[in-house]
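Hi everyone, thanks for coming. Please have a look at the protein on the screen, and I'll walk you through it step by step.

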Amino acid sequence: MAWRGCVLRWARADIISTATRGNRFTLNTQQRCSFRKAAKETKTKKGVIEETGPSHTEPSERLIHKRGVSPPVEPSVAYTHPRSFGRLVKPLVFTIGFTACSFGTAAIWQYESLKSRVQSYFDEERANWLEKLRPQKQGDLRKRINQWWNSLSEGQRTVTGIIAANAVVFCCWRVPSLQRSMIKYFTSNPASKTLCFPMLLSTFSHYSFFHMAANMYVLWSFSSSIVSMLGREQFMAVYVSAGVISTMFSYVCKTASGRLGPSLGASGAIMTVLAAVCTKMPEAKLAIIFLPMYAFSAGNALKAIVAMDTAGLVLGWRYFDHAAHLGGAIFGIWYIMYGHELIWKNREPLVKVWHDLRTKGPGGGGNGGSGPL
C-alpha cells in the first residue's frame, strides 16, 4: 500500500490579540500532522482547500483591542464594514435610557439607605452588646476580616465590589469554552451585531492582568476622594454611566474614522473618576507611583491627559482607545461643573413619588409618614 508524504494542515482559530507595549501573542493556534492515503482520483479535495484557505471568521471575533491598549490592526485583518451612523441610534437610546435609570436607581437607593440608618444603628448597638457577652476567640478569621473591612474608608469599601467583578470577568477570559461569549458580550465593537449590552459589560472586562491591575489601582487610589465628594450611591451611578457614555463616544469616533475594532477595559469610567476629582480639587498634589519624587497639581495632570488623548484621537494612534478616554474625561468634567446641579439636585420629584408608594403601600404606615428624606 503506497502512502504519500506527510501533509501539514493548519487549523486557524480565532486570534485574540493583546498589546503589552507593542508585543502581540496568539492563542489557540494548532498544528496537525496526518498521513493521507494515495488517492485514486487526481482531483483535489474541496475540504483540503477550505482548511488551508483563510479563515472566514467574523472580523469582530478576530482581534480584541483593549480600551486601555489598542494595538495596530494588520492590513490582513482590517475591518472593512461600511460606515453607518444609523447603526448607532440604538446604542444612543440605550445610553440615554441606562444613564437615566442609573441615577434614578441611585436616588431611590440613597432614600432607602437614609431611612434604614436608624434601624441599623440599633442593630449595631445590639450586636456590640452581644459581642461583649460572647467569649472572644483567638485567631478568629472572621473577626480579622471584619476588622480589616471596618478599617477601610467608605470609598474603598464601595469599589471593592467593582474590583471583585473585574477579577471574576478576568478569570472567565481564561476559560476556553467561554471565548466566543466573552468576545461577543464583553468587548465593545461598533461593527458587531451586539451593540448595547457590551457597552456596560466591557467596562468590567480586562484580558491582560497588567491592564486590570493598573486600572484597579487608579480606581482604588481615587475611591476615597470621589465617594466623599459624591456619596456612595451617586458615585455608582456616575461610574456605570461613564462606562456606557465613554463607549458611545468611542463608537461615534470609530465609525467616523472607519477604524472599527473591539475594545475593552474600565479606562473610560476611571477617566471620569479622575477628571471629576481633578476638576473639583485642581490644587491637589498627585505623583506617579514609580516616580514619587515628581509631584504635580491635579489640574495640570488633567490638562496633560486630555491633550494626549486629543492628539491620539486626531493623529489616529492605535495603542490606546483615546476616544473612550476622552469621552470619559469630558463626562467627568461636565458632571462636576453642570451635571450634579442638573441631575442629582433635581431628584426630589422621583424620590417623592417613591416615598408616596412606600408609605401608601401595604405595611407602609398609611398617610402618617413624614416627607421625603
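Before we go anywhere, one definition: when I say helix or strand, I mean a run assigned by DSSP, with at least four residues for a helix and at least two for a strand, numbered from the N terminus. Let's put that to use on one stretch. Over residues 195–214, the chain is 55% helix and 0% strand, and the C-alpha atoms at the two ends sit 26 Å apart. Please also keep in mind that what you see is a predicted model.

Why did I pick that stretch? The unreviewed UniProt entry annotates residues 195–214 as a "transmembrane region", along with 92–111, 158–175, 234–253, 286–307 and 319–338. Now take residues 286–307 from that record. Here the model gives 45% helix and 45% strand, with the end C-alpha atoms 18 Å apart.

Let's step back to the whole protein. How many helices and strands are there in the protein? There are 13 helices and four strands. The protein has 373 residues, and 38% of them count as buried. The accessible surface comes to about 21,900 Å², and carbon and sulfur atoms own 62% of that. Then there are the contacts: among those with a separation of 6 or more, 75% join residues 24 or more positions apart.

Let's zoom in on a residue with contacts of that kind. T99 has its place in helix α2, which covers residues 89–115. Is T99 buried or exposed? Its relative accessibility is 14%, and buried means under 20%, so T99 counts as buried. If we set aside its neighbours within four places in sequence, T99 touches S241 and I245.

Here is another pair for you to find. A164 lies in helix α5, residues 154–172, and is partly exposed at 40% relative accessible area. Between A164 and M216 there are 52 positions in sequence, and from C-alpha to C-alpha the distance is 9.9 Å.

Next, the charged residues. Side chains of opposite charge can pair when their charged atoms come close. How many salt bridges does a search of the whole structure find? The search finds five, and I'd like to show you some of them.

Start with R232 and E233, whose side chains meet in a salt bridge at 3.4 Å, N to O. R232 is partly exposed at 30% relative accessibility, whereas E233 is buried at 8%.

Now look at K254 and D321, where the N to O distance is 3.9 Å. K254 belongs to helix α9 (residues 232–257), and D321 to the loop between α11 (298–315) and α12 (322–342), so this salt bridge ties together parts that are 67 residues apart in sequence. K254 is buried, at 10% relative accessible area, and D321 is buried as well, at 5%.

The pair D356 and K352 shows another arrangement. Their closest N and O atoms are 3.5 Å apart. D356 and K352 both sit in helix α13 (residues 348–360), four residues apart, which is about one turn of the helix. D356 is partly exposed at 26% relative accessible area, and K352 is partly exposed at 44%.

On to the cysteines. How many disulfides does a search of the whole structure find? It finds zero. Take C171 as an example: why is it not bonded to C172? The closest cysteine sulfur to that of C171 is in C172, but it is 7.1 Å away, too far for a bond, since a disulfide needs the two sulfur atoms within 2.5 Å. C171 is partly exposed, at 49% relative accessibility. Another cysteine, C196, is buried at 11%.

Last stop: the surface. Y217, I288, I289, F290, L291, M293 and Y294 make a nonpolar surface patch of about 800 Å². Which strand gives the most to the nonpolar patch? It is strand β4, residues 291–297, with three residues. M293 is found in that strand, and with a relative accessible area of 57% it is exposed.

That's my tour. If you'd like to try one thing on your own screen, find K254 and D321, the salt bridge with an N to O distance of 3.9 Å. Thanks for listening!

Terms used. Residues are numbered from 1 along each chain as its sequence is written. This is a predicted model: local features need pLDDT of at least 70, side-chain atom pairs count only at pLDDT 80 or more; totals for chains, interfaces and linings use all residues. Side-chain values use heavy atoms; hydrogens and water are left out. Patches are made of residues with over 30% relative accessible area and no salt bridge: like charges are joined within 9 Å, nonpolar side chains (Val, Leu, Ile, Met, Phe, Trp, Tyr) within 5 Å. Accessible areas come from the Shrake-Rupley method with a 1.4 Å probe; for residues, only the protein chains shown count as cover. A salt bridge is a side-chain nitrogen of Lys or Arg within 4 Å of a carboxyl oxygen of Asp or Glu. Buried means under 20% relative accessible area, exposed over 50%, partly exposed in between (1.4 Å probe, protein chains only). UniProt positions are given in the numbering used here, feature names are shortened, and annotations may be inferred rather than shown by experiment. Contact means heavy atoms within 4.5 Å.
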